[in-house]
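Hello,

Here is the structure I promised to pass on to you. Have a look at it first, and then read on for a short tour of what turned up.

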Amino acid sequence: MKRISLLGSTGSIGTQSLDVCRMHGYKVVCLTANSRVDIIEKQVREFSPKLVCMMNEDSALDLKERIKDTDTKVTCGMDGLIECATYKNADTVLNSVVGMVGLCPTLEAIKAKKTIALANKETLVAGGHLVTNLAKENGVSILPVDSEHSAIFQSMQGMPSKSAVKKIILTASGGPFFGKKLEELETVTAADALKHPNWDMGAKITIDSATMMNKGLEFIEAKWLFDMPNEDIEIVIHRESVLHSAIVYQDNSMIAQLGVPDMRIPIQYALTYPEREASPVKPLSLSDYGKLTFFEPDYDTFKCINVCKNAIDMGGLHPAAANGANEVSVKLFLDGKIKFTDIAYLNNEAMKNASDKKDFTLDDVLEADRRAREYVIEAVK
């Protein structure tokens, strides 16, 4: 029986991951969340994990009282998150937490030689070679859970060698503001930005989709996951979110992965790899869609893509700074303190101020993240 430690169990990816575990009878040995006690209490009672972590201390105390009739141990904070990530009886750590908080537990899980099912973008965006080199040293597989990276990974399964791949095609839905120009986005609200046309996601990731920062972050992530030159990764807008991404081989054949927009497909593939099992997802009917459309991104309007592409071109700690700045600027936008169009500007300015240091450490990454966050806060003041 596969044993799963699920980091971030109350969010969109976490709850869908539990759908997959439920269907296949996987043992969930650890669960973590930030503060949603009502949801995680129900999960504890259904899945009977050995260990649970709440990042919020008051929530941990509340949960501990609520489930005192069970055998589940409750921990809190980063120490508890790392304890779940390295739990001795877990085979796979599925990291679906949002934000930089996901980096340290991923590194510790790799050191503990756990298979990593990765839905936390920030791990590779900020950690870069720290994560990939550590995984190689420990013989650990990093299996992508993002729908786009999973599609690329799936499309690569039949390749004779890495040199056979000419290009990666990274698709994007375009978010709720596809077709709009920069001046039209000056007055959009958080409510407007949270109306994603295809996916049901958390607030932060949905705003990242609206700014297209998420595609910039995924561009960086793809570079590290698949060890591809930046110029060989192409972003294409695909409104229907049916073709999840593709690769182009040297003979110009294109191999793509298609399916209905449902995260349980990539989640399940990361957990069952290399096998394919029956899925809770409905089958794709191409005739129901009728047509699929593709467009080039509007880089003049959605400047966050450029922020990320420039960050990975510059290297060093620039990607970590871009990511840290974005976490703060998105929160400020959701809180009504800045305009939607300010997000890209703030992210870019904070990114440019980062260090070019190539041989960085975890402490360097955390410091770059801290400085970028402070830069945004001070700029807004």
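A good place to begin is helix 8 (residues 147-155), which lies across strand 8 (165-172), strand 10 and strand 11. Its direction makes an angle of about 40 degrees with strand 10. Please keep in mind throughout that this is a predicted model.

The strands under that helix belong to an open sheet of 4 strands, in the order 9-8-10-11, with mixed pairing. Strand 9 (233-237) and strand 11 (254-258) stand at the edges with a single partner strand each, so one side of each has no neighbour in the sheet. From one strand to the next, the twist averages 20 degrees. If you zoom in on strand 10 (residues 243-249) and strand 11, you will find an antiparallel pairing over 5 bridges. One pair to look for there is Ala246 with its bridge partner in strand 11, Ala256.

Strand 5 (residues 92-95) is another nice stop. Are its faces covered or open? Both are covered: Thr92 and Leu94 on one side, and Val93 and Asn95 on the other, are all buried. Strand 5 pairs with strand 1 (residues 3-7) in the parallel sense over 4 bridges, and Asn95 is the bridge partner of Leu7. Strand 5 also pairs with strand 6 (residues 115-118), again parallel and over 4 bridges. In that pairing, Thr92 stands opposite Thr115.

Next, please look at Glu221, in helix 11 (residues 213-226). Glu221 is buried, yet it has no salt bridge. Why not? The nearest side chain of opposite charge, Lys121, is 5.3 Å away, and a salt bridge here needs a nitrogen within 4 Å of a carboxyl oxygen. Leaving aside residues up to four places away in sequence, Glu221 touches Leu118, Asn120, Lys121, Leu124, Val125, Asp146 and His149.

Elsewhere, charged side chains do pair up: the structure holds 31 salt bridges. One of them joins Asp38 and Arg66, with the closest N and O atoms 2.5 Å apart. Asp38 lies in helix 2 and Arg66 in helix 3 (residues 57-66), so this pair ties together parts that are 28 residues apart in sequence. Asp38 is partly exposed, at 48% relative accessibility, and Arg66 is partly exposed too, at 30%.

A second salt bridge runs between Lys68 and Glu65, whose closest N and O atoms are 2.7 Å apart. Lys68 counts as exposed because its relative accessibility is 61%, while Glu65, at 47%, counts as partly exposed.

A third one to find is Glu83 with Lys73, at 3.0 Å between the closest N and O atoms. This pair links distant parts of the chain, with Glu83 in helix 4 (residues 77-85) and Lys73 in strand 4 (residues 73-76), 10 residues apart. Both ends are partly exposed: Glu83 has a relative accessibility of 30%, and Lys73 has a relative accessible area of 43%. There is also a network in which salt bridges with shared partners join Asp38, Glu41, Arg45, Asp62, Arg66 and Asp69.

Now for some backbone details. Most residues other than glycine have a negative phi, and most peptide bonds are trans. Ser48 has a positive phi, near 50 degrees. Ser48 lies in the loop between helix 2 (37-47) and strand 3 (51-54), and it is partly exposed at 41% relative accessibility. Asp227 also has a positive phi near 50 degrees, and it is found in the loop between helix 11 and strand 9. As for the peptide bonds, a cis one joins Tyr273 and Pro274, with omega about 5 degrees. Pro274 lies in the loop between helix 12 (264-272) and helix 13 (286-289).

Last on the tour is helix 15 (residues 318-334). How far apart should its ends be? At 1.5 Å a residue, its 17 residues should span 24 Å, and the end C-alpha atoms are indeed 24 Å apart. Of those 17 residues, 15 are buried, so helix 15 is largely enclosed by the rest of the structure. After helix 15 comes Gly336, with a positive phi near 80 degrees.

Enjoy exploring it!

Best wishes

How values were computed:
Residues numbered from 1 in each chain as written. Predicted model: local features only at pLDDT ≥ 70, side-chain atom pairs only at ≥ 80, totals over all residues. Heavy atoms only, no water. Helix = DSSP H or I, 4+ residues; strand = E, 2+ residues; numbered from the N terminus. Expected span 1.5 Å × (residues − 1). Buried < 20%, exposed > 50% of the residue type's maximum accessible area, 1.4 Å probe, protein only. Pairing = 2+ DSSP bridges. Axes fitted to C-alpha atoms, helices over the stretch in contact; angles between N-to-C directions. Contact = heavy atoms within 4.5 Å. Lys, Arg positive; Asp, Glu negative; His and termini not counted.
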